[in-house]
There are 2 protein chains.
Amino acid sequence: MAHRAKAGKKNRGPERSPHRQYRLKGRLWVDGPDGTFIGYGRVVLMERIIELGSITKAAKQMGMSYRHAWRLVDSMNRQAPKPFVITSAGGRNGGGTLVTEHGEKAIKMFWKTYGALERFLEKEGAKFDYTDRKA
Amino acid sequence: MAHRAKAGKKNRGPERSPHRQYRLKGRLWVDGPDGTFIGYGRVVLMERIIELGSITKAAKQMGMSYRHAWRLVDSMNRQAPKPFVITSAGGRNGGGTLVTEHGEKAIKMFWKTYGALERFLEKEGAKFDYTDRKA
């Protein structure tokens with residue numbers, strides 16, 4: 001049924017453009033002394049913390065348990081020379097969670113490198129002709 | 001014990017070179033119509049099949065179940081325009097498993113792109129200074 005797509009409906013039948021259906025993908029992260037230090041999920045988590053001011057809310061928005069989010073934050077803080085995320089309990093405004101300038105710098109650096117990876121994948125993917133067209 | 005390495009044994013104490021302990025890492029794969037098509041594990045599996053002439057032996061050497069190895073091979077064969085791995089049951093030599101020239105080309109292309117990624121990571125990793133050294 002879904003096997004035989006209507007001609008022209010989506011220009012990605014094998015006859016038309018055999019290579020459109022393949023895509024070079026990649027992932028990157030920074031390893032630290034305890035394994036993963038900075039990665040896609042950790043960076044997005046920090047961005048949500050900046051936005052929402054709370055690990056609980058950030059975790060919720062990402063569909064992640066608080067426990068998991070806390071462990072990611074703790075893993076970054078333990079591995080970074082200076083903490084990326086600071087939580088103050090209590091205080092005048094009832095406490096809150098902040099991403100430090102070090103965390104913000106890590107976020108920026110990560111996206112910059114991520115962008116470079118995207119360009120790399122596009123360039124290399126175009127060369128990645130693993131099939132023998134003559135065969 | 002292992003905590004306090006002999007001075008000079010490995011130059012990667014935090015005091016000496018704060019950035020040696022961080023490393024930019026990456027992974028790449030090719031997605032096809034059904035998800036992952038070619039990736040590190042699949043390429044190594046094909047290399048073991050070339051070496052050992054058997055999915056069973058290749059799987060065993062990689063500490064992988066036969067079932068899992070077979071599914072990886074099947075996934076590649078279904079997504080490739082021409083099969084990467086051919087198994088002939090029986091025959092004069094009791095059958096055997098071969099990697100086709102298409103599979104061999106995929107292996108070559110993968111390692112070439114993988115090498116380019118390694119160079120990319122090295123270059124970008126050197127730039128990846130997420131900490132504020134002045135702080």
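**The interface between chains A and B, and salt bridges within the chains**

Chain B and chain A bury about 3400 Å² between them, with 68% of that on carbon and sulfur atoms (buried area being the accessible area, 1.4 Å probe, that two parts lose on being put together, summed over both). The model is predicted, so local features need pLDDT of at least 70 and side-chain atom pairs pLDDT 80 or more, while totals for chains, interfaces and linings use all residues. Residues are numbered from 1 along each chain as its sequence is written, chains are lettered from A in the order written, and side-chain values use heavy atoms, leaving out hydrogens and water.

Contact (heavy atoms within 4.5 Å) links 38 residues of chain B with 38 residues of chain A. Salt bridges (a Lys or Arg side-chain nitrogen within 4 Å of an Asp or Glu carboxyl oxygen) come to zero across this interface.

Over all chains, though, there are eight salt bridges. One of them joins Arg48(A) to Glu51(A), with the closest N and O atoms 3.5 Å apart. Arg48(A) is partly exposed at 23% relative accessibility (partly exposed lies between buried, under 20%, and exposed, over 50%, using a 1.4 Å probe and protein chains only). In chain B, Arg48(B) and Glu51(B) meet at 3.4 Å, N to O, and Arg48(B) is partly exposed at 22%.

Asp74(B) also bridges to Arg78(B), the closest N and O atoms being 2.9 Å apart. Here Asp74(B) is partly exposed at 23%, whereas Arg78(B) is exposed at 51%.
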